[in-house]
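Work through the exercises below with the model open. Try each task before you read its solution.

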Amino acid sequence: MKLRRTALPTAIAVLCTALLPSAAEAAKFGSRTLRQGSHGSDVKTLQRYLGKVGQTTTVDGQFGRGTKRSVKRFESATSRRPDGVVTRSDASVLKREAMSAQVQSPAPAVGRATLTSDGLAVAPSDAPPAVQQIIAAGNEIAKKPYKYGGGHGRFKDTGYDCSGSVSYALHGAGLIDQPMDSSQFMKWGPRGRGAWVTLRSNSGHIYMVVAGLRFDTSAKKAGGSRWTDEMRSAKGYVGRHPEGL
């Protein structure tokens, strides 16, 4: 089977996002300010580091609009001025975060949760106790109605919005002691995908993937459950996970 020539650069770019820069490339990174229109090996280094911190970016060495959007999201997530320009200081923070994410990245989950016919989740037998507790707590509110601001003032409520739902489930495992909104979750926990639990958040929404199932107020499963096996794009979301999970 022959591959179309136009498919090769894209395939190579996608594969490169999984690689960290070489020592020489890492040393060069930050020696100049990068902005839209810049190009070169240090832009590739920037794009690889962005991929490591959850801001998936095509690695092509061209600082275009997509790279600028990824830079701005990273700047917002790290409480820096979101101007899309990578200064020496920005480069230092990004490099540190990327290396930290590489070290802390957990092994893939062994088991996978399943959905019952009535829309509840069943934890895999090899799931850690905290994961089983998250799933049990999620089941408690899986069919509660959506309520804007629900679960923010208190964990026990008549309905829940997206961050209220995630807060309730994490609280069930003793991972948080007060409700949090989606912006707060952007800075909570180690960066990157977890082995068992991954939180995807931005300033307007959050969803959580637990042992392969999505816990999300935008799920469209019958019965109104917050659990679904249908995934959604992580584009535009900051990825975080509970420590050790």
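**Confidence first**

The chain has a mean pLDDT of 85, with 86% of its residues at 70 or more; pLDDT is the predictor's confidence in each residue, from 0 to 100. This is a predicted model: local features need pLDDT of at least 70, side-chain atom pairs count only at pLDDT 80 or more, and totals for chains, interfaces and linings use all residues. Residues are numbered from 1 along each chain as its sequence is written, and side-chain values use heavy atoms, with hydrogens and water left out.

**Exercise 1.** Find where pLDDT stays under 50.

*Solution.* Look at residues 1–18: pLDDT stays under 50 there. Then check contacts (heavy atoms within 4.5 Å). The model has nine of them beyond four places in sequence for this stretch.

**Exercise 2.** Tie Glu25 to its salt-bridge partner and place both residues.

*Solution.*
1. Apply the criterion: a side-chain nitrogen of Lys or Arg within 4 Å of a carboxyl oxygen of Asp or Glu.
2. The partner is Arg48, at 3.5 Å, N to O.
3. Glu25 sits in helix 2 (residues 23–28) and Arg48 in helix 3 (residues 41–52), so the bridge ties together parts 23 residues apart in sequence. Helices here are DSSP runs (H or I, at least four residues), numbered from the N terminus.
4. Now accessibility: buried means under 20% relative accessible area, exposed over 50%, partly exposed in between (1.4 Å probe, protein chains only).
5. Glu25 is partly exposed at 26%, whereas Arg48 is buried at 11%.

**Exercise 3.** Treat Asp90 and Arg80 in the same way.

*Solution.*
1. Their closest N and O atoms are 2.6 Å apart, a salt bridge.
2. Asp90 belongs to helix 5 (residues 88–104) and Arg80 to the loop between helix 4 and helix 5, so parts 10 residues apart in sequence are tied together.
3. Asp90 is buried at 10% relative accessibility. Arg80, at 23%, is partly exposed.

**Exercise 4.** Which residues join Lys147 and Asp157 in one network?

*Solution.*
1. Start with the pair: the side chains of Lys147 and Asp157 form a salt bridge at 3.0 Å, N to O.
2. Both lie in the loop between helix 6 (129–141) and helix 7 (162–172), 10 residues apart.
3. Lys147 is partly exposed, with a relative accessible area of 33%. Asp157 is buried at 13%.
4. Add Arg154: salt bridges that share partners join Lys147, Arg154 and Asp157 into one network.

**Exercise 5.** How many salt bridges does the structure hold?

*Solution.* The total is eight. Among them are Glu25–Arg48, Asp90–Arg80 and Lys147–Asp157.

Conventions: Helix = DSSP H or I, 4+ residues; strand = E, 2+ residues; numbered from the N terminus.
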